[in-house]
Amino acid sequence: MAKQQDTKKLFEDLSGAGKSIGVLTSGGDAQGMNAAVRAVVRMGIYVGAKVYFIHEGYQGMVDGGDNIEEASWESVSSMLQVGGTVIGSARCKEFRSHEGRLKAAHQLVLRGITNLCVIGGDGSLTGANLFREEWSGLLEELVRQGLIDEEAAQNNSELHIVGMVGSIDNDFCGTDMTIGTDSALHRIIEVVDAIMTTAQSHQRTFVLEVMGRHCGYLALVSALACGADWVLIPEMPPEDGWEEHMCQKLSENRADKKRLNIIIVAEGAIDCHNKPITTNHIKELVVSCLGFDTRVTILGHVQRGGTPSAFDRILASRMGVEAVLALLEASDSTPACVVSLCGNQAVRLPLMECVQMTQDVQKSMDEKNFEEAVRLRGRSFENNLNTYKLLSYHKADSELPNSSFNVAVLNVGAPAAGMNAAVRSAVRVGIKEGHKMFAVNDGFEGFYKGQIKEITWGDVAGWTGQGGSILGTKRTLPAKHLDKIAEQIRIHNINALLVIGGFEAFECLLQLYEARTSHEDFCIPMCVLPATISNNVPGTDLSIGADTSLNAIVETCDRIKQSASGTKRRVFIIETMGGYCGYLASVGGLAAGADTVYIYEEPFDIRDLQSNVEHLTEKMKTGIQRGLVLRNENSNENFTTDFIYQLYSEEGKGVFDCRKNVLGHMQQGGAPSPFDRNFGTKIAAKAIQWISRKLKESYKNGKVFANTEDTACLLGMRRRTMAFQPVVQLKDETDFAHRIPKEQWWLKLRPLMKILAKYKTSYDVSDSGQLEPVTRVRPKKAD
């Protein structure tokens, strides 16, 4: 047991007493920066440090005075839902000069600030690193000029720097997602969805310009997420003759009964001779070649605006806390680091290595070495590009390989936003691989009734942005209908099965796998893709649909909190969905800034309720006006939402009043978020490629026979990687009575939420990022 104690590194051992942390936002603003600032301030105060806002970026650091002010717990209240940066950002010429940095050093020493948390792009972070390298020289100079004494120089001898990348372009190497990217995609997709309805009415072609002077990430992902006809990005300049190629594709799509065309252009798009490709040039091309009614829309600064998405708030909150931990652990010998996200895990990377790699991308592009540029951009960019290429061009049927395999796709369980994007991707990649694709309506109920028909490339056009399940979905499990399902597999000669759905989909595949002993027809490759708002499927950190649902919860919580502005102090009790799984409540609570979240996985009793009420009452006596309490629908059968509402109402008398809301099915509806469209599209493409491989491996003597464990898998995201896991092996990891995995990664985010809500708690930081080297060019073939 003693050994266990040693390996678990608790963060109570890290004290910030006597330390001062400065936090600034610099360069272009990005949604989510405020969430990062809030997390740094609250975590800093929590560990006993003093935290200072540095207003207006480096300019405020140089000017000093009121620009550098101490932050309090309340001073970051209700900034989580605000876009941009509340503490201001500016591009500062003065800081680029030695004199400017000398002034800045003087201002910091006056306040004893030797820890800086910089939120900005690569330029801002490079500046911070240079400042750190010069620090001891700057102090010597200040002593010589008599501006500070020897003792001050001694006390402030080391400057520690941690960076967080805030940039909507997602152009920083080493991190999968930068703060603000997801929100910018939300703005783009909102616009595209709106444009699609008017384009459809008039049979128009729209050319959209999105931001990204040097990086095509926004253009690429929004093209994937809306099923655009053509995309132009700086990392993949089209070859000579692309104009003809593009016009041919547009007219083919029109002939395929499609009433509109969408072309997405990154503002930095170029051709292979490094000449810029403008939206007007494309418009003229389409009009002169095809005579289509064409319009141009330039999105501009809309993409930087608006409220941050749930993803950006969670990302920024996680990064902010990680940044404070990194500052507390920093020593003279550790290089400046940047906290970042790899897959679903927080990591720390050496700042200058990341900056160097980011600059190498530009260098590769200037040298026209575009393959290298894409590889340096990192795996997230590369995966998006490969998926886009897979889905992009439908050759004439004669040119497609013919595999003579039939693959069926179906949805199972409750509808989840993003299911349709996954079906579309599966169908198109399947056709591209040479398979015949079949769609099954209404899950396994439709399967045993024979509601199975071939589905073609054009049938799934425009599906990415549709919520719910177009194929239809039912919760019926196959166990009672095995004979009829086996018969349908024989009738339609189905050689493989792709099941997209929630916990039921996992159970269905398990039943089919176990029925292989009695029914040889089920000895075919089968794969399940997790799609459920509850995110309660074993074997995966994330499910298709959960992000859309989180955004619905967060948006509603924002509105509910705002509804009380200007009235007296008020606490809202809000009930979320999720069955027994507390994911939506917990992660939604983190993103909406909840005070308490009640879930089944963390049992609570009347004493906890009592201390929560007292805690909230104390908080309400300060300047804080509103409280938010979330409760998962099945967190406790006796402490119902009504009970908690009545308890808080009674105990809060004289301090606050209460309101309650049950969010209900609005969490399940709506158009899928960019993340869910993209995630669904990518994992479905990966699943079909896996199915193709398994079909080839198991085809012997003129038939498919697959009866091993590894031919019935679930494709899930595990920390940093996407993994195919045999469903039978996931059985032991599952609590079937409550329909949840036995271990859930997001429970580690709960202490974070409590800290940000001013609770004293124990926080296990042994999982937090150690400094890692940046992985450079990987071998090309990575499965």
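This briefing describes aromatic contacts, salt bridges, charged surface patches and one close backbone approach in the structure above. The model is predicted. The structure holds 17 aromatic pairs, and the count of salt bridges comes to 35. Selected examples are set out below with their secondary-structure context and their degree of burial.

**Aromatic contacts**

- Tyr-217 and Phe-381 form a tilted pair, because their ring centres are 6.5 Å apart and their planes meet at 40°.
- This pair links distant parts of the chain, with Tyr-217 in helix H8 and Phe-381 in helix H14 (residues 379–392), 164 residues apart. Tyr-217 and Phe-381 are both buried.
- Phe-405 and Tyr-699 make an edge-to-face pair, with 5.4 Å from centre to centre and 80° between the planes.
- Phe-405 lies in the loop between H14 and strand E12 (406–412), whereas Tyr-699 lies in strand E22 (residues 699–700), so the contact ties together parts that are 294 residues apart in sequence.
- The two partners differ in exposure class: Phe-405 is buried, with a relative accessible area of 10%, whereas Tyr-699 is partly exposed at 40% relative accessibility.
- One aromatic cluster is made up of Tyr-58, Phe-95, Phe-131 and Trp-135.

**Salt bridge within a helix**

- Arg-187 and Glu-190 are joined through their side chains by a salt bridge, with an N to O distance of 3.3 Å.
- Both residues belong to helix H7 (residues 181–202); because they are 3 residues apart, about one helical turn separates them.
- Arg-187 is buried, since its relative accessibility is 11% and the class requires a value under 20%. Glu-190, at 45% relative accessibility, is partly exposed.

**Salt bridges between separate elements**

- Glu-514 forms a salt bridge with Lys-731, and their closest N and O atoms are 2.8 Å apart.
- Glu-514 is in helix H18 (residues 503–514) and Lys-731 is in the loop between helix H24 (727–730) and strand E26 (734–735), so this bridge ties together parts that are 217 residues apart in sequence.
- Glu-514 counts as partly exposed at 39% relative accessibility, and Lys-731 is likewise partly exposed, with a relative accessible area of 35%.
- Asp-595 and Lys-619 also meet in a salt bridge between their side chains, at 2.6 Å from N to O.
- Asp-595 lies in the loop between helix H20 (583–592) and strand E19 (596–598), and Lys-619 lies in helix H21 (residues 606–620); the pair therefore ties together parts that are 24 residues apart in sequence.
- Asp-595 is buried at 10% relative accessibility, and Lys-619 is buried at 8%.

**Salt-bridge network**

- Arg-475, Glu-504, Glu-507 and Arg-739 are linked to one another in a network of salt bridges.

**Charged surface patches**

- Arg-91, Lys-93, Arg-96 and Arg-213 form a positive surface patch.
- Within this patch, Arg-213 is found in the loop between strand E6 (205–210) and helix H8 (217–226). Arg-213 counts as exposed because its relative accessibility of 57% lies over the 50% cut-off.
- A negative surface patch is formed by Glu-140, Asp-149, Glu-150 and Glu-151.
- Within the negative patch, Glu-151 is located in helix H6 (residues 150–155). Glu-151 is exposed, with a relative accessibility of 55%.

**Approach of distant chain segments**

- Pro-350 lies in strand E11 (residues 345–350) and is buried, at 9% relative accessibility.
- The C-alpha atoms of Pro-350 and Gly-174 are separated by 9.4 Å, although these residues are 176 residues apart along the chain.

Terms used. Residues are numbered from 1 along each chain as its sequence is written. This is a predicted model: local features need pLDDT of at least 70, side-chain atom pairs count only at pLDDT 80 or more; totals for chains, interfaces and linings use all residues. Side-chain values use heavy atoms; hydrogens and water are left out. Patches are made of residues with over 30% relative accessible area and no salt bridge: like charges are joined within 9 Å, nonpolar side chains (Val, Leu, Ile, Met, Phe, Trp, Tyr) within 5 Å. Accessible areas come from the Shrake-Rupley method with a 1.4 Å probe; for residues, only the protein chains shown count as cover. A salt bridge is a side-chain nitrogen of Lys or Arg within 4 Å of a carboxyl oxygen of Asp or Glu. Lys and Arg count as positive and Asp and Glu as negative; His and the chain ends are not counted. The place of a charge is taken as NZ of Lys, CZ of Arg, CG of Asp or CD of Glu. Helices (H or I, at least four residues) and strands (E, at least two) are DSSP runs, numbered from the N terminus. Buried means under 20% relative accessible area, exposed over 50%, partly exposed in between (1.4 Å probe, protein chains only). Rings of Phe, Tyr and Trp (its six-membered ring) pair if their centres lie within 6.5 Å; planes under 30 degrees apart count as stacked, over 60 as edge-to-face and the rest as tilted.
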